[in-house]
Amino acid sequence: MEIIIQPDPAAAAEIAARLIARLIREKPGAVLGLATGGTPLRLYCELVKMKLDWRKITTFNLDEYAGLPSQHPQSYHSFMREKFFRHINIAGNNTHIPNGMAKDIPAICERYEKKIRAAGGIDLQLLGIGTDGHIGFNEPSSSLASRTRIKTLTPRTRRDNARFFGGEKNVPHHAVTMGIGTILEARHCLLLAFGRKKARAIAAAAEGPVTARNPASVLQMHPKVTVCLDAAAASCLEMKKYYRWVYENKPDWQNI
Ligand code: GLP
């Protein structure tokens, strides 16, 4: 796990954007796993500014609320359309987001997994983290081998996301999410976290035991993970001095 600590979210998002841009330039038909929430917004703005060629890129989003129509302003379909897809030259057919309105959820989950496999697997999976350590909507106690399925959100996650819904009572209780096993199959995972409220979840994920109590901790088992943090999100890391030193003294050939 490479942990990159930057002074602020803008600097951390810029590094993440450079990483994705390099992949797109090197592999114009790359498959990206995308994330939603407040955290990736800066990164998406950076990527838009870079004017990359997205025509051959395929994307799979991590998750979607169950029971929210795709036109609902807080659906992740709307989020992706408004914040990212309509600003780049990606082909609509190449973007995939789980259908939270499907009648047969297990069937669409299985199809989602098949589509990921048919596309050749995910080259780079972007991730945020919940204050309880969730990735996608894989809440604590999720099976570390789980596949795409429906999950029940914890009260804490519903509280955290209430700001987008004008109150907790409007936040859905369920979501369709890629599983942890699905996420672990991505060839590279890029986790972003900003702000003091993520600091404990990040410390547990990077330096704590691998446990379903903090689903992001499973990334310790993945061969290629980059974590981009601002100083506040890094504040509880015991080894932060070391991570900073490693990044600042990276040999040129390793630099992003
Ligand atoms: C939601 C999403 C996650 C995201 C997390 C953090 O629950 N399903 O993918 O990482 O929230 O959100 P934010 O970036 O807004 O803090």
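Which residues of β2 are buried on one side and on the other? Val31 and Gly33 are buried on one side, and Leu32 and Leu34 on the other. Both faces of β2 are thus named as covered. Buried means under 20% relative accessible area, exposed over 50%, and partly exposed in between (1.4 Å probe, protein chains only). In a regular strand the side chains alternate between the two faces of the sheet.

The model is predicted: local features need pLDDT of at least 70, side-chain atom pairs count only at pLDDT 80 or more, and totals for chains, interfaces and linings use all residues. Residues are numbered from 1 along each chain as its sequence is written, and side-chain values use heavy atoms, with hydrogens and water left out.

Strand β2 belongs to an open sheet of seven strands. The order is β1-β10-β9-β6-β2-β3-β5, with parallel pairing. At the edges stand β1 (2-6) and β5 (95-96), each pairing on one side only. Strands (E, at least two residues) and helices (H or I, at least four) are DSSP runs, numbered from the N terminus. Two strands pair if DSSP finds at least two bridges between them.

Strand β2 (residues 31-34) has two bridges to β6 (residues 124-127), in the parallel sense. Here Leu32 is opposite Leu124. Four bridges join β2 to β3 (residues 58-61), also parallel. Leu34 has Asn61 of β3 as its bridge partner.

Two loop residues have unusual backbone angles for their type. Most residues other than glycine have a negative phi. Lys51, not a glycine, has a positive phi of about 50°. Lys51 lies in the loop between α2 (41-49) and β3, and is exposed, at 74% relative accessible area. Ser141 also is not a glycine, and its positive phi is near 90°. The loop between β6 and β7 (149-152) holds Ser141, which is exposed at 60%.

Lys151 sits in strand β7. This lysine is buried, with a relative accessible area of 16%. Lys151 and His173 are 22 residues apart in sequence, and their C-alpha atoms are 8.5 Å apart in space.

On the surface, Arg156, Arg159, Arg196, Arg200 and Arg213 form a positive patch. Patches are made of residues with over 30% relative accessible area and no salt bridge, with like charges joined within 9 Å and nonpolar side chains (Val, Leu, Ile, Met, Phe, Trp, Tyr) within 5 Å. A salt bridge is a side-chain nitrogen of Lys or Arg within 4 Å of a carboxyl oxygen of Asp or Glu. Of the patch residues, Arg196 is found in the loop between β9 (189-193) and α7 (199-207).

Terms used. Areas by Shrake-Rupley, 256 points an atom, 1.4 Å probe, with all protein chains shown as cover. Lys, Arg positive; Asp, Glu negative; His and termini not counted. Charge placed at Lys NZ, Arg CZ, Asp CG, Glu CD.
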